[in-house]
Amino acid sequence: MKQLTLFLLSLTIWSVAYPQKFSGLALTPPMGWNSWNHFACDGLNEKVIMEMADAMVESGMRDAGYQYIVLDDCWQAYRDEQGNIVADPKKFPSGMKALADYIHSRGLKFGLYSCAGRKTCQERPGSHRYEMQDARTYASWGVDYLKYDWCHHVGLDPVEQYTRMRDALYAAGRPVVFSICEWGWSQPWLWAGDVGHLWRTTLDITDCWSCRKYFGVLSGWTRILDRQVGLERYAGPDRWNDPDMLEVGNDGLTVNESRAHFSMWCMLAAPLMAGNDLRKMTPEIRAILTNKEVIAIDQDSLGRQGFKAVDEGDFEIWIKHLSGDDLAVCFLNRSQREISKTIQWAALNILTTYLMRDLWKHADLEEMQPEFSVRVPPRDVVLLRLNKK
C-alpha cells in the first residue's frame, strides 16, 4: 500500500511539474516528408534519408515551406543492457546523432517514430515504460519531431500513454513537435489538443483514389476525406486534425488525382507530410508539391480547417476561411467525367465581391459576378482564392 501511495504521489508531482506540451511549435500545420508510404521498412536506411534531405532542398520543397525529415518504423534494432534504444547499425552505421546533424546542416529538421505500446507496428521496441529514457535519448540526438504510434497497446489507456510521452519530452527539454498516431479510435480531437500538436483521425492511407485494402486498414484518400467532415471545429493553431500523410507522386495516383489530393489536404489545414521518392519526382509532381499559392491555403495563419458546403455525390464544394477575410473555394470532381456547373455565390453565403484567382493556373479571373461557371476535369479540382477587395 505504501508503494502504491508513493507511486500515485509521483504521478501527481510529475503532472504538476510538466503540465504542458511545447507550445508555439505548430502554429500552422507541420510540413515535411516521412519515409513510410514509399520505403516502408525494408527500404529505410541512412543513405536514403540523406538523399531525401538533399532532394528536399534541391527540388525547392524546403523553400516552399517543408521542414521535417521523419524516419518512420524500422530504424530501431533493440535496447541495450541499460535499456537505451539502439538504431539498426547496418541501416544507420553513422548513428542517429550524425544523421540528425546532417539533416540540420541542410536547413531542415529531424523526426523519428516510436510507439506508445510495448512494440512498434513492425515488432521493434516500443516506448512503453521507457518514455523518459527515450525522450532524453531523442533530445541528445537532436530530434525535432516525434510520430508516436499505437500498436501493441492492449490494456493501455491512450490518454495516459500519450500524456506520459508528452511529459517526458517536455522534461527532456528539447522542443519537439508531438504527432499522435492513435488512428482516431478514442476520438483524440476531444482530448489531444493539450497533449500533442496533431493527431491522426483515421487508419492508414494508401495510394489510390477510393480503394480499401487489408479489411479496411488501408484506405484511399477520398475515403479518408469523407471522415474529416465535422472535425473542423477541433482544429486550429498548435492543434491539428491529421488525415495521414500524402500519397502525392506515388504509383497508385495519376497526376490529376494527386493534384486533387494535395488541394483537399490544404483545404483541411492538414499536416503536409510528403510520402513519395523525392529523388524521382516528375516535373508535374514537383509542381504540385511546391505550389506556394496552394500551400498558402494550408499554412494560412488563421488556422481554420475547411468544411464541405455542397455535396452532390460526384461534385463537392469546400470552403476555407482565411486571414484578412479571404476565402478558398475548392470544386472537387469525384467522377471520371468532366463536370460543368453554374454556381450561385449567394447560395454559398458568399455575399461580398472578391477578386478571384485560380491557384493551379496561377491566373487572375474576370471580375466576380453573381454566377460563376466552372468546368472541373475528371477526378480533379478547381481551386480558387477569393481575395477581399
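How many bridges join strand β2 (residues 68–70) to β5, and do the two run parallel or antiparallel? Three bridges join them, and the strands run parallel. The views below come from a predicted model.

**View 1. Strand β5 and its neighbours.** Strand β5 covers residues 109–115. Six of its seven residues are buried, so the strand is largely enclosed by the rest of the structure. On the β2 side, look for Ile-69, which stands opposite Phe-110 in β5. β5 also pairs with β6. Five bridges join β5 to β6, and this pair is parallel too. Ser-114 has Tyr-148 in β6 as its bridge partner.

**View 2. A right-handed β-α-β unit.** Start at β5, pass through helix α6 (residues 131–141), and end at β6. Together these elements make a right-handed β-α-β unit.

**View 3. The largest cavity.** A search of the whole structure finds two cavities of 30 Å³ or more. The largest cavity holds about 110 Å³ of space. Among the residues that line it are Asn-34, Tyr-145, Lys-147, Leu-198, Arg-200, Asp-242 and Met-273. Two elements, β6 (145–149) and β8 (198–200), each give two or more residues to this lining. By class, the lining has six nonpolar, two polar and four charged residues.

**View 4. The second largest cavity.** About 40 Å³ of space lies in this cavity. Its lining includes Lys-21, Phe-22, Arg-166, Leu-169, Tyr-170 and His-197. Which helix gives the most to the lining? Helix α7 (residues 158–172) does, with three residues. The lining divides into six nonpolar residues, one polar and two charged.

**View 5. The two faces of strand β20.** In a regular strand the side chains alternate between the two faces of the sheet. Strand β20 (residues 371–376) shows this alternation. Phe-372, Val-374 and Val-376 point to one face and are buried. Glu-371, Ser-373 and Arg-375 point to the other face and are not buried.

**View 6. Strand β17 beside β20.** Strands of a sheet pair through backbone hydrogen bonds, either parallel or antiparallel. Strand β17 (residues 339–344) is joined to β20 by six bridges, and the two run antiparallel. Find Lys-341, whose bridge partner in β20 is Val-374. The two residues are 33 residues apart in sequence. In space, their C-alpha atoms are 5.4 Å apart.

**View 7. Around Val-374.** Is Val-374 buried or exposed? Val-374 is buried, with a relative accessible area of 3%. This residue is found in strand β20. Leaving aside residues up to four places away in sequence, Val-374 touches Phe-331, Ile-339, Ser-340, Lys-341, Ile-343 and Val-382.

**View 8. An open sheet of six strands.** The strands follow the order β14-β15-β16-β21-β18-β19, and the pairing is antiparallel. Which strands form the edges? They are β14 (307–311) and β19 (363–364), and each pairs on one side only. At the β19 edge, two bridges join β19 to strand β18 (residues 354–358). These two strands run antiparallel. Asp-358 has Ala-363 in β19 as its bridge partner.

Definitions and conventions
Residues are numbered from 1 along each chain as its sequence is written. This is a predicted model: local features need pLDDT of at least 70, side-chain atom pairs count only at pLDDT 80 or more; totals for chains, interfaces and linings use all residues. Side-chain values use heavy atoms; hydrogens and water are left out. On a 1 Å grid over the protein atoms alone, a cavity is a set of points where a 1.4 Å probe fits but cannot get out, and a pocket is an open set with protein on both sides within 12 Å along at least five of seven lines; lining residues have an atom within 4 Å of a point. Grid points are joined across faces, edges and corners, and a volume is the space filled by probe spheres set on the points. Helices (H or I, at least four residues) and strands (E, at least two) are DSSP runs, numbered from the N terminus. Ala, Val, Leu, Ile, Met, Phe, Trp, Tyr, Cys and Pro count as nonpolar, Asp, Glu, Lys and Arg as charged, and the others, Gly among them, as polar. Buried means under 20% relative accessible area, exposed over 50%, partly exposed in between (1.4 Å probe, protein chains only). Two strands pair if DSSP finds at least two bridges between them. A crossover is right-handed if, with the strands pointing away from the viewer, the path from the first strand over the helix to the second runs clockwise. Contact means heavy atoms within 4.5 Å.
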